[in-house]
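Some labels used for a protein model rest on simple cut-offs. The questions below ask what stands behind a few of them.

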Amino acid sequence: MKLSAQQLEQFDEEGYVVVEDALRHEDLDPVIEEYDRYVAEKARELHGEGRIAHVYDDEPFERRLACMAEEDEEIYHASDAFIDIMHFRGKATFDFLCNERLVQLMEGILGSEIICSPIQHVRAKLPSDLASGKNSHVAPWHQDAQVHTEEADPHFILTVWVPLCEATPENGCLQIIPGVHKREVVFWSEGFGISEKNMPAGGVLPVPMKKGSVLFLDKLTPHGSGPNETDCIRWSMDLRYQQAGTPTGRSCYPDFAVLSRSNPASVLTDFSAWDRLWREALKEYPQKVGRKTRPEGPAPQKVEPRVERQPSLTIPQEGDVR
Ligand SMILES: O=C(O)CCC(=O)C(=O)O
């Protein structure tokens, strides 16, 4: 499936587009099954350490981690890190990062030379009533332009948000403010994200999504997600891709090619090679390298066009020599 001209126009004009039925169960289920096994392993490990009283073998994927977190709030807050792609690194997850259907869609936005950025997450958004203090599973308003280092500032980066279950307003689906990317401003604020006083004018749009849908976002589109008011987990992935040769803004960690029409052999398909790159990088940089500078308030940011435009066709005129 390719993005239609209308979808591309919506992306350019509004800074987002949702593609329904982009992925099939067989694209997503291997990731879900891999995480299901991982959570089971984690349950046994924490049970062995005496942190939790049960392993919750009878609980479904949508509930199990929440049951564990209900017993120990530490798990509630720590789960973000231990389920993250960079720490867990499963084979099915790696295969999904290179998913053909996804790559085919992205080609319309990014062109034919695409890399996968190491700024990539699997999220288990846990029910909000399990946290007593600050809810670490609420994503404050931000632009993805705020999460990378300076060298990526002028470059276009595509965020790809993929629900692994139905995302609804009740369980904290993503919310965005469309059209703001056109202002070419990063709404820097005190602390992470966009503070209330710096919030750009514009209507907030909740983006409920079915499993199988994909949301593409411009890195200047403000987004966030509220609390999960249900008792099930909202599982999702947020990934980033960009044109080969552009800095990811997290250069301490590995990026890799997922599409190269000029040099197909450069595409990384070897899970162990990816895993090794991460292990080596994490040894050297157990903590990510952050920005060195941060404007104190909203600041203009020029970002290159998303893909090099094709030179427009010259229509032959009468009398032209052929
Ligand atoms: O999935 C969420 O709730 C937040 C995702 C997010 O912050 C992002 O994609 O940058």
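Q: How do you know that strand E2 and E11 pair?
A: In this predicted model, three bridges join E2 (residues 113-116) to E11. Pairing needs at least two bridges between the strands, so E2 and E11 count as paired. The two strands run antiparallel, and Cys-116 has Tyr-241 as its bridge partner in E11.

Q: What makes E3 a partner of E11?
A: Five bridges join E3 to E11. The cut-off is at least two, so E3 and E11 pair. Their sense is antiparallel, with Ala-124 opposite Trp-235 in E11.

Q: What is the basis for pairing E5 with E11?
A: There are six bridges between E5 and E11, in the antiparallel sense. Against a requirement of at least two, E5 and E11 therefore pair. Trp-161 has Asp-238 as its bridge partner in E11.

Q: Why is E11 called mostly covered?
A: In E11, 10 of its 10 residues are buried. A residue is buried if 20 or more other C-beta atoms lie within 10 Å of its own, so each residue of E11 reaches that count.

Q: What makes Trp-161 and Asp-238 part of the shell around the ligand?
A: Residues around the ligand include Trp-161 and Asp-238. The criterion is a C-beta atom within 6 Å of the molecule, so Trp-161 and Asp-238 both satisfy it.

Q: Which elements give two or more residues to the shell around the ligand?
A: They are strands E3 (121-125), E5 (158-163) and E11 (234-243).

Q: How many residues of the shell around the ligand are charged?
A: Four are charged, beside three nonpolar and three polar residues. Asp counts as charged, so Asp-144 is one of the four.

How values were computed. Residues are numbered from 1 along each chain as its sequence is written. This is a predicted model: local features need pLDDT of at least 70, side-chain atom pairs count only at pLDDT 80 or more; totals for chains, interfaces and linings use all residues. Helices (H or I, at least four residues) and strands (E, at least two) are DSSP runs, numbered from the N terminus. A residue is buried if 20 or more other C-beta atoms lie within 10 Å of its own, exposed if 12 or fewer, and partly exposed in between; C-beta atoms are placed from the backbone.
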